[in-house]
Amino acid sequence: MLEQLSVGDVFSDFYVVLDSKDVNSYLMATGENNSLWQTYVPPLAVGARILAEIIDDFGDLDGLMHTGQEFSFLSKILHSQKLNVRVEIGTFSKRKGNLIIAFSIEIYSESNMVGSGKTNVIIFGTEDNSNV
Amino acid sequence: MYEVAPVVESVTRLIDQSRVNSYADAARDHNPLHLDTPEARAGQFGRPVAHGMLILAIVSEMMSNTFGLQWAEQGHLKVRWRAPTFPPVTVISNAILKEDVDGIASYEIFCEDEDGQKLLTGIARVKYI
């Protein structure tokens, strides 16, 4: 499947909802303690959930490494606010048997964009490198 | 609200395996690379590696401590991970003001371990007016 990806392909399109329980679990895990997040969702909690969805779509995680990340936060997000996430292939290249992929992410609440980002991953040893 | 770009205070956090395990549950990222599993021990690092996003979370915490909801509404991050983070380790997140133009502050950000090894570098930008 991975070898068939090309730039502009929609990789994934899904909903994300983080409720108070999700946010509290995230805060407990990260150690962050800011009263803002009793009402709103920490921006990186949204990012973490999106990344988990992307990685989950790969199925086999062997050899996948997250190398870079970019986020623009455009709106505060309330607990339990429904977000629609669209992930496209931003860049895609093969080098020395490894795949280098950048996912472009757009996050919407209803029709409003509330965030965007780019996730860079490298997947080691996914193809025969005898021709590289 | 600030009239000029403020100093962003560092955040220090112990990243141990217990925290990594909790993060795996909270973020729903159970990649065995991060857990104390045979896969992690047989992998290229020979031991579990903390989630990169767990380290990045410290950066976002640092920025929201200073800018509050402005960070959630007008913040921008761009980072690269420079080295794997092996728990247990104390991670220090830092921000150095690089530019302050038209109410937009740009900071060089980095996370390092207690030995000064850079784990993550990048930029953070936020409109603070």
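# Exercises on a predicted two-chain model

Helix 3 of chain B is followed by B:Gly68, a residue with a positive phi near 55°. The exercises below concern a predicted model, which scores ipTM 0.95 and pTM 0.93.

**Exercise 1. Helix 3 of chain B: determine whether its end-to-end distance agrees with its number of residues, and state how far it is covered.**

Solution.
1. Helix 3 of chain B has 16 residues, and at 1.5 Å a residue these should span 22 Å.
2. The C-alpha atoms at its ends lie 23 Å apart, which agrees with the expected span.
3. For burial, 14 of the 16 residues of helix 3 are buried, and the helix is mostly covered.

**Exercise 2. Describe the fold of chain B, using its secondary structure, extent and contacts.**

Solution.
1. Chain B contains 4 helices and 5 strands.
2. Along the sequence they follow the pattern β-α-α-α-α-β-β-β-β.
3. Along the principal axes, a box of roughly 55 × 30 × 20 Å holds the C-alpha atoms of chain B.
4. Of the 129 residues in chain B, 43% are buried.
5. Among contacts in chain B with a separation of 6 or more, 63% are between residues 24 or more positions apart.
6. As to confidence, chain B has an average pLDDT of 96, and 100% of its residues score at least 70.

**Exercise 3. Characterise the side of chain A that touches chain B.**

Solution.
1. The contact involves 31 residues of chain A and 32 residues of chain B.
2. On chain A, helix 1 (20-30), helix 2 (43-58) and strand 2 (64-73) each supply at least two residues of this side.
3. Sorted by class, this side of chain A has 16 nonpolar, 11 polar and 4 charged residues.

**Exercise 4. Trace the sheet through strand 2 of chain A and strand 2 of chain B, and name its edge strands.**

Solution.
1. Strand 2 of chain A and strand 2 (residues 75-81) of chain B run antiparallel and are joined by 5 bridges.
2. Within this pairing, A:Ser72 has B:His76 as its bridge partner, and A:Phe71 stands opposite B:Leu77.
3. On the chain B side, strand 2 pairs with strand 5 in the antiparallel sense over 7 bridges.
4. B:His76 has a bridge partner in strand 5 of chain B as well, namely B:Arg125.
5. The whole is an open sheet of 10 strands with antiparallel pairing, in the order 1(A)-3(A)-4(A)-5(A)-2(A)-2(B)-5(B)-4(B)-3(B)-1(B).
6. Its edge strands are strand 1 (10-17) of chain A and strand 1 (11-15) of chain B, each of which pairs on one side only.
7. Ignoring direction, neighbouring strands of the sheet are turned by 20° against each other on average.
8. Helix 3 (residues 52-67) of chain B packs on this sheet; the strands it touches include strand 2 of chain A and strand 2 of chain B.
9. The direction of helix 3 makes about 35° with that of strand 5 of chain B.
10. Strand 2 of chain B is itself mostly covered, with 5 of its 7 residues buried.

**Exercise 5. A:Lys96 and B:Arg28 each have a positive phi although neither is a glycine. Locate each residue and assign its exposure.**

Solution.
1. A:Lys96 has a phi of about 50°.
2. A:Lys96 lies in the loop between strand 3 (82-95) and strand 4 (98-109) of chain A.
3. A residue with 12 or fewer other C-beta atoms within 10 Å is exposed; A:Lys96 has 10 and is therefore exposed.
4. B:Arg28 has a phi of about 60°.
5. B:Arg28 sits in the loop between helix 1 (17-27) and helix 2 (38-42) of chain B.
6. Burial requires 20 or more such atoms; B:Arg28 has 16 other C-beta atoms within 10 Å, so B:Arg28 is partly exposed.

**Exercise 6. Which residues of chain B does a cis peptide bond join, and where does B:Pro88 lie?**

Solution.
1. The cis peptide bond is between B:Pro87 and B:Pro88, with omega about 0°.
2. B:Pro88 belongs to the loop between strand 2 and strand 3 of chain B.

Note on methods:
Residues numbered from 1 in each chain as written. Chains lettered and ligands numbered in written order. Predicted model: local features only at pLDDT ≥ 70, side-chain atom pairs only at ≥ 80, totals over all residues. Contact = placed C-beta atoms within 7 Å. pLDDT = per-residue confidence, 0-100. Nonpolar A, V, L, I, M, F, W, Y, C, P; charged D, E, K, R; others polar. Pairing = 2+ DSSP bridges. Axes fitted to C-alpha atoms, helices over the stretch in contact; angles between N-to-C directions. Expected span 1.5 Å × (residues − 1).
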